[in-house]
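I opened this entry to look up one pocket and two helix packings, and I keep in mind throughout that the model is predicted.

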Amino acid sequence: MSNIFINTGTINGNVSQNEAQRERFENVSSRTASEQAGYDYDVAISYASRQTRFVSRVAKILRLEGLRVFFAPDCEEEFIAQNMVEKFYTIYRYRCLYVASFISAEYLESDICMEEISSALLRTRDEGRNCLIPICMEKESLKDLLEKQKHPIPLLDPDVNYIAVYGKNGMLKEVEVADKIRRVVQKQIREK
């Protein structure tokens, strides 16, 4: 005879199971909707290697929430002996609903990161909808960071709304950043 355990508690102390079940249902519905729109991923993550630890946790949380996430380190075997520039361009330009760009000073200095964010900005222009979720990983504002780095990203408005990891209340946790990304993705899917 096997034992069956039923969890009747709460999640994070303030979200009831019914609310959590409703959110999981919405995630399943959103996955179906973005698949129907022809995207392989709900969100593709673009970041500089210095942020790998933080970003990998965000990717894991997004997956647990039911989103289909492209996070390059999880796909290393899939891309062995392939041209990564071409593969990544295709993913960031055509195969994801959104690109979540974790922008830092290192990010702005990386040619690969600039290709990834530029792909998202080209899609934004071509599709007439926002395809980019910018996340500022520095303590300064995104506008100040872009000005300091001589604004190397074409088409990105320095006054764009973004997710600030460092705010007046301290640093956001990975789960908070993931929740903000999830909300943006699900809102877009519901509007379709």
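**Entry 1, the pocket.** I began with the residue classes around the second largest pocket, whose lining I find to hold twelve nonpolar residues, three polar ones and two charged ones. I then looked up its volume, which comes to about 330 Å³. The lining counts 17 residues, and those closest to the centre of the pocket are Asn130, Leu132, Pro134, Asn161 and Tyr162.

Which element gives the largest share of this lining? I noted that β4 does, with three residues. At least two lining residues each are supplied by α5 (111-127), β4 (132-136), β5 (163-164) and α7 (174-191).

**Entry 2, α2 against α7.** Since α7 is one of the elements that supply the pocket lining, I turned next to its packing with helix α2, residues 52-64, and recorded an angle of about 55° with the two axes 9 Å apart. I therefore entered α2 as oblique to α7. The crossing of this pair is right-handed.

On the α2 side I listed Phe54, Arg57, Val58, Ile61 and Leu62 as making the contact, and on the α7 side Glu174, Val175, Val177, Ala178, Ile181 and Arg182. Sorted by class, the residues of the contact of α2 with α7 are eight nonpolar and three charged, with no polar residue.

**Entry 3, α3 against α5.** Helix α5 also supplies residues to the pocket lining, and I looked up how helix α3, residues 84-95, packs on α5: the angle is about 30° and the axes lie 8 Å apart. Because angles under 35 degrees count as roughly parallel, I wrote α3 down as roughly parallel to α5. For the handedness of the crossing of α3 and α5, my note reads right-handed.

The contact residues that I copied out are Phe88, Tyr89, Tyr92, Arg93 and Tyr94 from α3, together with Glu116, Ser119, Ala120, Leu122, Arg123 and Asp126 from α5. How do the residues of the contact of α3 with α5 divide, and what is the count for each class? I have six nonpolar, one polar and four charged.

Definitions and conventions. Residues numbered from 1 in each chain as written. Predicted model: local features only at pLDDT ≥ 70, side-chain atom pairs only at ≥ 80, totals over all residues. Heavy atoms only, no water. 1 Å grid on protein atoms, 1.4 Å probe; cavity = no way out; pocket = protein on both sides within 12 Å on 5 of 7 lines; lining within 4 Å. Points joined across faces, edges and corners; volume = space filled by probe spheres on them. Helix = DSSP H or I, 4+ residues; strand = E, 2+ residues; numbered from the N terminus. Nonpolar A, V, L, I, M, F, W, Y, C, P; charged D, E, K, R; others polar. Axes fitted to C-alpha atoms, helices over the stretch in contact; angles between N-to-C directions. Parallel < 35°, antiparallel > 145°, perpendicular 65-115°, else oblique. Left-handed = near helix turned anticlockwise from the far one by under 90°. Contact = heavy atoms within 4.5 Å.
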